[in-house]
Amino acid sequence: MNVLISGASVAGPVLAYWLRRAGYRVTVVERTASLRTGDGGQAVDVLGPAVEVIERMGLLDAVERERTKTDVMTLHRPGKRPVTIHAAQLLAGISDRHVEIMRGDLAAILHEATREEVEYRFGTTIAAMTDTGPAVDVTFDDGTRESYDLVVGADGLHSGVRRLAFGDESRYRHFLGGYLAVFTVPDLLGLGGAVHAYNAVDRAVAVYPTRRPDRARVVIMIRSERELVYDYRDGGEQRRLLRSLTADLGWEVPRLLEHLDAAEDFYFDSISQIRLDSWSRGRIALVGDAGYGPGPAVGGGTSIALVGGYVLASELAAAGGDHRVALPAYQRAMAEPVAHSRRIGPAVMATLIPRSTTQLWAMAQAIRLLPRLPRPVQRRLTSFGGGPAAMLEGVQLRPAPAVSN
Ligand SMILES: Cc1cc2nc3c(=O)[nH]c(=O)nc-3n(C[C@H](O)[C@H](O)[C@H](O)COP(=O)(O)OP(=O)(O)OC[C@H]3O[C@@H](n4cnc5c(N)ncnc54)[C@H](O)[C@@H]3O)c2cc1C
């Protein structure tokens, strides 16, 4: 079987790995000219069964080696004394199995594990495709054409495969009431291994260490009841918008924003989730954020992408490559975790960005109190109501597909 995957980040390479192992011929096309490792991207979470998927790939040691090494978090607030907590205490309840790693580092490990047996074409996208029944005829953006038995979109929140096969994104994107900006600056705060956060009403800022000791990553989240109108291709307009939305913030924010124009990796997007009733149509399927992204920064997206890639590959292998059997089975297996992940986004948004000065105060008190509480209570309070880890609790992974050439 000849499979085309669009997107070489998390879901795409995991799917490629397991399909290749089951004997499929796999090609991955990726829009960017090379692997987007950069400084490492944003920190993401590998939780529960997603750790199991990584372990079955023999990559757990490599992933553990690259885990983020944040030791303390200090929360700053307007006019109040900062409070500091150990990261381990803050993350105690997330999951028994949890690795935090930069998305780019995870993508690099997954690419390294697949690049010899999978054909990667960087700087390439799918321009058009037609499901003819017996195959999918694909035209790439360089004008070349090829036919595949299956095409999978692993191309993220703004998936091109989804647009071509399922229609415009506006039909599936559900706004969760916020915006997210991420950019890299010089390490103005001398972070060491620390994260500094600054919370104000309707805004939350965090400054993280990066792999390079002289650089820091700034994440700004803004609550907004309504969707803002801006050109998503115009970085200049987005920078102006971000400045106007944060103009009244104190602490180090004005100094951090001085470096906004120089940041080459500036990212600005709404915090939205993708809601489709079905993740496949004929011989075309979606995996990860493209099919069921719970929303950036609300947690769980990476783990559900890892598990989704594995489940799709194992259902295809179990069905002997019959997509009419495998794709509905993939849908059934992912239905509960996806439904759960859709509930998490709005719940996490309610606490991630403080809504009032009372909530700001309560957050600081919780951080102050947490280290003094017994471990089971610490775990319960930091599980974020079951949050992203609970989403994958019921997932039963099939045994790894048998090796075939
Ligand atoms: C700022 C931010 C913070 C986040 N924080 C967290 C967190 O704390 N915890 C967590 O678990 N998750 C977090 N996430 C979400 C997480 O990054 C995603 O859920 C995860 O990366 C999904 O993997 P994916 O492979 O499905 O898609 P993506 O990682 O989005 O990868 C899609 C790939 O497809 C490529 N692509 C896009 N369009 C095309 C096209 N037309 N043709 C070919 N290739 C294309 C892209 O370049 C990219 O390489 C965050 C995301 C962001 C943006």
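**Exercise 1.** What radius of gyration would a compact globule with 405 residues have, and what does the protein have?

*Solution.* Start with the rule: 2.2 Å times the number of residues to the power 0.38, with the radius taken over C-alpha atoms. With 405 residues, this gives a value near 22 Å. The protein has 21 Å, which agrees with a compact globule. Next, look at the box: along the principal axes, the C-alpha atoms fill roughly 65 × 45 × 35 Å.

**Notes on the model.** This is a predicted model, where local features need pLDDT of at least 70, side-chain atom pairs count only at pLDDT 80 or more, and totals for chains, interfaces and linings use all residues. Residues are numbered from 1 along each chain as its sequence is written, and side-chain values use heavy atoms, leaving out hydrogens and water.

**Exercise 2.** Count the helices and strands of the protein.

*Solution.* Use DSSP runs, numbered from the N terminus: helices are H or I with at least four residues, strands are E with at least two. The protein has 14 helices and 18 strands.

**Exercise 3.** Is S341 buried or exposed?

*Solution.* First, locate the residue: S341 lies in helix α11 (residues 323-352). Then recall the cut-offs: buried is under 20% relative accessible area, exposed over 50%, partly exposed in between (1.4 Å probe, protein chains only). S341 has 1% relative accessibility, so S341 counts as buried. Across the protein, 55% of the 405 residues are buried.

**Exercise 4.** Which residues does S341 touch, not counting those up to four places away in sequence?

*Solution.* A contact means heavy atoms within 4.5 Å. S341 touches Q273, Y292, P294, I304 and M391.
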